[in-house]
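Student: Hi, could we go through this one together? I'd like to begin with the ligand and then look at the sheet.
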Amino acid sequence: MDAAAERGGNVACGLPRNVRRGLHERPGRRGIFRKRGPTVKIVLVSPKGPLYRHRGGVFKKSLRYAPLTLPTLAGLVPPELGAEIRIIDEGIHDIDPEAIQADLVGMTVITGSARRAYDLAEPIRRRGIPVVMGGPHPTLVPEDVAPHADAVVVGYAEQSWPRLLRELAAGRMQPRYDPGPDHTLRGLPMPRWDLVDASRYTTTNVFEATRGCVHDCDFCVVPAAWGRVPYKRPVEEVAEEIRRRGARKLIFIDLNLISERDHARRLFEALVPLGVRWFGLSTALLGRDPELMDVMQRSGCSGLLIGFESISRDSLRCARKGFNSPQDYRQLVADLHRRGIAIMGCFVFGVDEDGPEVFEATARYVVEVGIDLPRFAITTPFPGTRLHRRLAAEGRILTRDWNLYDGQHVVFRPARMSPRQLQEGHESAWRHAYRWGSIARRLARSEARGLVTLAANLGYRYYAHHLHTHYTCDWFIGQVTQDRRVSA
Ligand code: B12
Ligand code: SF4
């Protein structure tokens, strides 16, 4: 007898056995929600990603803003279901899967958290509670996720998630949901921030104005998962949401805010009268557009994350990011600093053109140019990307342990160095960039420096010198042998 049946189909105890068994096969069955009285319990979970498994240090709270995904999904729950919704971000709250009481559990999954999501789902499903998974990993490789979930939601879920819930209520949830052709970001309900414990995050003033990106970089999950269509929210709706929430300092999580220039310009202009300070993401192409930088400055931009990726033209071409021009980086940094905009500069190591010299050269460069907050990552061939397919075809994927797909571990055989050189070189770049002397030199070059930038540097200095504490396991890549390779 399974646990749900044991509890006799109580409202809070998951699907009764007969409904659960026939979940996908019996369209038109009486819906579970109506059957169980007015209160439907939905628990939305963000399983702990690799970087957050070890708490402690400065990352306890200081650099973390509240995740937008779960409040967004909660906002999309159809009101007529009268649902009681709980949000659990496992980076913040511990979860006991055996104790979860719900009619449905929804999990958002990135590749690095997939293993954890599967482990959490297993005891929950055993107790008769259906689990639905969505997000980047289910979108990229739904077939990997399907055995671990009752339904997989592929792609953006603005239309499919409410449909799933209505169909579940009617007793005919399908095993897979795809976004309809009518996907739009117009007229979205407000994210349910009231369900988030704001005291655990630096801020809950997290917004999005666009989705997707027009570019097609080899390693990037975004074009692989969602295509190259940039979806845009109407500028007035974004401004209205900011106004209604009374946000003065905010974060845009859009991967490339300037993906469509005209929308970006109108957005920034709409921000001017709001008198906000904001942080967001952009490509280095911004450097070619002083007019856009001016309006950005007027709109209150105080920091940008920019994917510089490499200081080598060949490496950039190799990663299909040839639109970045390293010869222009210095000018871009200076132009942004002059406008009081600090820069979090991201670099990635391990593309085929990279040799062992790349680490020191890059670390020295970021100090010399004065990047406020440099970040380094190891090229990660996320499943479903073109890069993954190519490396798999070349027999260079070393492991499919998704726990290691976090941008901090070497999971493939690099072309011009050993896996160990890549792992150790990446760590040495972090340490070099966050030496006391390097921090001082970088910040001395930045006119955008302030207490926040200094505090963030101290945070990253801690991280740079404790990388191993933040790793999930002792993946000792040097010991990987030929026969541990995985080629598909
Ligand atoms: C913000 C963000 C973060 C934040 C996340 C936390 C936060 N406080 O917000 C921070 C900076 C901490 C972060 C860290 C990392 N991130 Co991140 N992040 C993002 C980003 C830019 C936005 C996510 C977001 O909020 N989107 C807005 C919401 C509304 O959209 P959404 O999450 O896609 O959800 C929609 C659908 O996907 C779907 N959906 C999602 N989940 C579910 C669940 C259910 C049940 C259903 C029905 C639907 C559904 O419905 C939603 C509405 O359409 C995405 C890129 C992107 N644009 O997706 C990368 C992204 C998710 N991150 C990524 C990565 C790799 C990382 C890191 C590993 C990077 C690193 N090395 O540091 C770490 C991992 C952290 C960890 N937990 O382990 C990758 C994931 C790739 C993959 N296959 O795993 C992405 C796609 C970026 C990329 N280009 O590669 N990230
Ligand atoms: S510009 Fe950034 S978001 Fe766009 S495809 Fe390239 S890496 Fe991905």
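Student: How many residues surround ligand 1, and which are the closest?
Tutor: In this predicted model, 42 residues surround ligand 1. The closest are Gly 49, Gly 106, Thr 108, Gly 134 and Gly 407.

Student: And how does that shell divide into nonpolar, polar and charged residues?
Tutor: The shell around ligand 1 has 25 nonpolar, 13 polar and 4 charged residues.

Student: Which helices and strands each supply at least two residues of the shell?
Tutor: Those are α4 (69-75), β3 (104-108), α5 (111-126), β4 (131-134), α6 (136-140) and α9 (221-226).

Student: Where does ligand 1 lie with respect to domain 1 and domain 2?
Tutor: Ligand 1 lies between them, because domain 1 (3-170) and domain 2 (204-484) both give residues to its shell.

Student: OK, switching to the sheet. What's the strand order?
Tutor: This open sheet of 6 strands runs β2-β1-β3-β4-β5-β6, and the pairing is parallel. β2 (83-89) and β6 (176-177) are at the edges with a single partner strand each, so one side of each has no neighbour in the sheet.

Student: How many bridges link β3 and β4?
Tutor: They pair in the parallel sense over 4 bridges. For instance, Val 105 has Val 131 in β4 as its bridge partner.

Student: What does α5 touch when it packs on the sheet?
Tutor: α5 touches β1 (40-46), β3 and β4, and its direction makes about 160 degrees with that of β4.

Student: And which strands does α8 touch?
Tutor: Helix α8 (residues 160-169) also packs on the sheet, touching β3, β4, β5 (151-153) and β6. The direction of α8 makes about 160 degrees with that of β5.

Methods
Residues are numbered from 1 along each chain as its sequence is written. Chains are lettered from A and ligands numbered from 1 in the order in which they are written. This is a predicted model: local features need pLDDT of at least 70, side-chain atom pairs count only at pLDDT 80 or more; totals for chains, interfaces and linings use all residues. A residue is near a molecule or strand if its C-beta atom, placed from the backbone, lies within 6 Å of it. Ala, Val, Leu, Ile, Met, Phe, Trp, Tyr, Cys and Pro count as nonpolar, Asp, Glu, Lys and Arg as charged, and the others, Gly among them, as polar. Domain bounds come from an automatic or database domain assignment. Two strands pair if DSSP finds at least two bridges between them. Two residues are in contact if their C-beta atoms, placed from the backbone, lie within 7 Å. Axes are lines fitted to C-alpha atoms, for helices over the stretch in contact, and angles run from 0 to 180 degrees between N-to-C directions.
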